[in-house]
Amino acid sequence: MATKGELKALLATLGITKATSRGQVRDMLVDKGYTFPEYQVCDGASKMCIVPKHADFVIKWSTAYYANEKGYDEAYDEVLIYQKATKAGLEMFFPKTEVLCTVNGVVFVVQEKIDFSALNTPRNKESKYIYKTKTVSPAIIDKIDTCFQSIHRGRSIDTTWASMAIIIYGKRKCKTLCKFVIENGINDLHSSNIGYLRDRPVILDFSGYHRD
């Protein structure tokens, strides 16, 4: 298993740019001896991610598939938002996120790895969470959902995730989180972008999506 330091040194040799595709990154890793399934490469609308199987972190960076050179850097935005969350006393809702290195103008970010997303919650865990949150009032969940929908383009938040946030962190913290989400434009909180770390609800993709 590679350490953060070893992967930092590796990134300096790969020649990744914001336009490098997922397949190209995968081939680069294979050429250096980093093969699947020990190392996966995942991508989304604005970021790409290297996921070492046996490490407690992932590496993220922003991409520019659409020849979009307007200065977007969603991966680095997550570093800044995590710092804001820490100052606001909301760091428990986010995996630890910091800059690893900058190579070829690409800011590589290292982020604490979650256990699973809300979309991929194992059945036994889902049952456990539903039982744990059975006393949470639907009215409180509705308030959180209304708050998130106001920034989240009308999509509802995962109710089990929201219930876990309420039961673990309390209504006041959740209310503060709602305000924080709106203030920071975190508008893409579908079930793949929220999840759990050590049975605690977290947001794993929190830059929001603001490209044209």
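1. At 3% relative accessibility, C174 counts as buried, and this residue takes part in no disulfide, the nearest cysteine sulfur being that of C178 at 7.0 Å. The model under discussion is a predicted one, and the points below should be read with that in mind.

2. C178 likewise counts as buried, with a relative accessibility of 6%. Its nearest cysteine sulfur, that of C147, is 3.2 Å away, and C178 is in no disulfide. Because a disulfide is taken here as a pair of cysteine sulfur atoms within 2.5 Å, the separation of 3.2 Å between the sulfurs of C178 and C147 does not qualify. The structure as a whole holds zero disulfides.

3. Turning to charged pairs, the structure holds eight salt bridges. One of them joins K47 to D205, with the closest N and O atoms 3.0 Å apart. This pair links distant parts of the chain, since K47 belongs to strand β2 (residues 47-52) whereas D205 lies in the segment after β8 (200-203), 158 residues apart. K47 is buried, its relative accessible area being 8%. The contact also belongs to a wider arrangement, in which K47, K60, E78 and D205 are linked in a network of salt bridges.

4. A salt bridge between D43 and R22 likewise links distant parts of the chain, with D43 in strand β1 (residues 39-43) and R22 in helix α2 (residues 22-31), 21 residues apart. The closest N and O atoms of D43 and R22 are 3.5 Å apart. Both ends are partly exposed, D43 with a relative accessible area of 35% and R22 with one of 40%.

5. R26 and D27 form a further salt bridge, in which the closest N and O atoms are 3.9 Å apart. This distance still counts because the criterion asks for a side-chain nitrogen of Lys or Arg within 4 Å of a carboxyl oxygen of Asp or Glu. R26 is partly exposed at a relative accessible area of 44%, and D27 also counts as partly exposed, at 42% relative accessibility.

6. The largest pocket has a volume of about 710 Å³, and its lining is made up of 32 residues, of which C42, C49, K60, S192 and L204 lie nearest the centre. K60, named here, is also a member of the salt-bridge network with K47, E78 and D205. The elements that give two or more residues to this lining are β1, β2, β3 (57-62), β5 (106-112) and β6 (116-117), and of these β2 gives the most, with four residues. By residue class, the lining of the largest pocket divides into twelve nonpolar, eleven polar and nine charged residues.

7. Strand β6, which contributes to the pocket lining, also belongs to an open sheet of three strands with the order β6-β7-β8 and antiparallel pairing. What stands at the edges of this sheet? β6 and β8 do, each having a single partner strand, so one side of each is left without a neighbour in the sheet. Two bridges join β6 to the antiparallel strand β7 (residues 194-197), and F116 stands opposite Y196 in β7.

Definitions and conventions. Residues numbered from 1 in each chain as written. Predicted model: local features only at pLDDT ≥ 70, side-chain atom pairs only at ≥ 80, totals over all residues. Heavy atoms only, no water. Buried < 20%, exposed > 50% of the residue type's maximum accessible area, 1.4 Å probe, protein only. 1 Å grid on protein atoms, 1.4 Å probe; cavity = no way out; pocket = protein on both sides within 12 Å on 5 of 7 lines; lining within 4 Å. Points joined across faces, edges and corners; volume = space filled by probe spheres on them. Nonpolar A, V, L, I, M, F, W, Y, C, P; charged D, E, K, R; others polar. Pairing = 2+ DSSP bridges.
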